[in-house]
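User: I have this one open on my screen and would like to go through it with you.

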Amino acid sequence: MIGGAIALAFSLAALPPAFAQTPTQVPAPPAVAPAPAPKPPPEQVFIKPATIDETLEVVGESVSAKQINTRMQINVQINGRGPFRFFVDSGADRSVIGEGLARRLALPAGPNVILHSTGSAKDVGTVKIDHLRVGASDIRDINAPALPERYLGGDGMLGIDALVDQRMTIDFDAKTITVQDTHRADTAAGPDEVVITARRRKGQLILTQAYAGTRIAAVIDSGTEITVGNSALRAKLLRHRREPVLTTTLISVTGDIIPADLLLVPEIKIGDLTVKNVLIAFTDIPPFKLFGLEKEPAILLGTDILSVFRRVSLDFRRRKVRFTLRPGSR
C-alpha cells in the first residue's frame, strides 16, 4: 500500500499543465456588520407635587381651608436672556422649564427621560440649556424636562442639579430667595439661629435628628406647600388613632391629581426646634424612593412648616441647614 500511494503521487506530478488540478477557491464568508450598540434606557427623573389642591392652615387644634401660597420664586437667566421667574424646589432632582419659554428661547431638543411624578411615570422630552445663571452662580449643560407652565405655576423650577454646590436662603419675612456659591467662608451661628448637620443622599439634605411621635428622616422641600409623609410614618401615627382628620388632593407638575390622607400631628421636633400642630398629607410619592426613605418613617418638610421660621438656609456643599428663629420663639 505504501508503494501504490507513492506511484499515484508521481503520476499526478507527471501530467501536463493542462491537466493539472488547481486548488479549489473557497469564497470568503460575507462580511457581517457589527450589531448596533443597545440604546441606553431613558434616564429616570423624579419630580414631586408642586401644589396642594386646597391649601389648609391649622388654627389651634382645628383645620380650615385658606388660599395661600408659601412657595417663592427667584430670577433666573437662561443662555444670557431673562430674567425669568423660577420656583426653587429642593425636593426635586432635576430643574424643569416651561414649554412656552423653551419655545420662545428656541432651545434645542435633548434626550427623552422618564419623568416620575406623584401618580405616574411619563416619557417626556428635554431641552438643552447651555448655561443657567442664578445670582452670581452659573450652572452649565442642563437637560431640562419641558412641562406646561400651568402646572409649574411659573416659568420653570430649579432642582437639586442647580443647587448642588450652592447655599440657598429662603427669607419668609422678605419673601425672597437668594442663591450663593458655598466656596465663600461660612459664618458662625447667631443667637437667634440653630444649625443642624444633615446627611446627603442623591444630592439632597436629609435631617435625621427629627421626631414626630417616632424617629423620622426629614427632607427640606421648598417646592411643596404642605408637608408630606410616607406610609411608614402613617402606620406609626395611626397605631393609636382610628382615622385621618381630612383628605385632600395633591397636584403634580405634570397635572396628575392624587388623593392624600391628612393627619394633624401635635408636634414635630427637629434637633432643638419644636413645631406644633403640623398638618401632614400622607401619600407615597417618588422622592421617598429616590432618597431611599420608602421603608422608614419620613417626611418632606414643606413651606407650611418652613415659614414658621424667619429664614431657612440650605448649604448643600457643607451639609448644613440653618434656621433663623422669630423673636420670642425660644
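User: What is the bridge partner of Tyr 211 in β21?

Analyst: In β21, Tyr 211 has Lys 269 as its bridge partner. Please keep in mind that this is a predicted model, in which local features need pLDDT of at least 70 and side-chain atom pairs count only at pLDDT 80 or more, while totals for chains, interfaces and linings use all residues. Residues are numbered from 1 along each chain as its sequence is written, and side-chain values use heavy atoms, with hydrogens and water left out.

User: How many bridges join β17 to β21?

Analyst: Two bridges join strand β17 (residues 204-211) to β21, and the two strands run antiparallel. Strands here are DSSP runs of E with at least two residues, helices are runs of H or I with at least four, and both are numbered from the N terminus; two strands pair if DSSP finds at least two bridges between them.

User: And β20, how many bridges join that one to β21?

Analyst: Strand β20 (residues 246-252) is joined to β21 by six bridges, again in an antiparallel arrangement, and one of the partnerships sets Thr 247 against Asp 261 in β21. Asp 261 also has a bridge partner in β22, namely Phe 282.

User: In which sense do β21 and β22 pair?

Analyst: Strand β21 (residues 257-270) pairs with β22 in the antiparallel sense, over nine bridges, and Glu 267 with its bridge partner Lys 276 in β22 is an example. The hairpin of these two strands has two residues between them, and there Gly 271 takes a positive phi near 60°.

User: Is β22 mostly covered or mostly open, and how many of its residues are buried?

Analyst: Strand β22 (residues 273-282) is mostly covered, since seven of its ten residues are buried, where buried means under 20% relative accessible area, exposed means over 50%, and partly exposed lies in between, with a 1.4 Å probe and protein chains only. Three bridges also join β22 to strand β19 (residues 227-229), and this pair runs parallel, with Thr 227 opposite Ile 280.

User: Which residues touch the most other members in the largest nonpolar core?

Analyst: That core has 61 residues, and those touching the most other members are Ile 78, Ile 97, Leu 158, Leu 207, Ile 268, Leu 301 and Phe 323. A nonpolar core is a set of buried Ala, Val, Leu, Ile, Met, Phe, Trp, Tyr and Cys residues joined through side-chain atoms within 4.5 Å. Strand β22 gives the most to the largest core, with five residues, and apart from that core lies another, of 19 residues, including Val 228 and Leu 279.

User: Switching to Ala 218, is it buried or exposed?

Analyst: Ala 218 is buried, with a relative accessible area of 0%, and it is found in strand β18 (residues 215-220). Leaving aside neighbours within four places in sequence, Ala 218 is in contact (heavy atoms within 4.5 Å) with residues including Leu 207, Ile 299 and Leu 301.

User: What order do the five strands of the open sheet take?

Analyst: The order is β14-β13-β24-β25-β15, with antiparallel pairing. β14 (176-181) and β15 (193-197) stand at the edges with a single partner strand each, so one side of each is left without a neighbour in the sheet. The partner of β15 is strand β25 (residues 320-324), over five bridges in the antiparallel sense, and Val 195 has Arg 322 in β25 as its bridge partner.

User: Which strands close into a barrel?

Analyst: Six strands do so, in the order β5-β6-β12-β7-β11-β10, and the pairing is mixed. Within the barrel, strand β10 (residues 126-134) and strand β11 (residues 137-147) pair in the antiparallel sense over eight bridges, and Lys 128 has Asn 143 in β11 as its bridge partner.

User: What is the mean pLDDT of the chain?

Analyst: The mean is 76, and 72% of the residues reach 70 or more; pLDDT is the predictor's confidence in each residue, from 0 to 100. Over residues 1-23 the pLDDT is below 50, and beyond near neighbours in sequence this stretch has zero contacts in the model. Residues 49-68 are also below 50, although that stretch has 57 such contacts. Where pLDDT is low, the predicted coordinates should not be read in detail.
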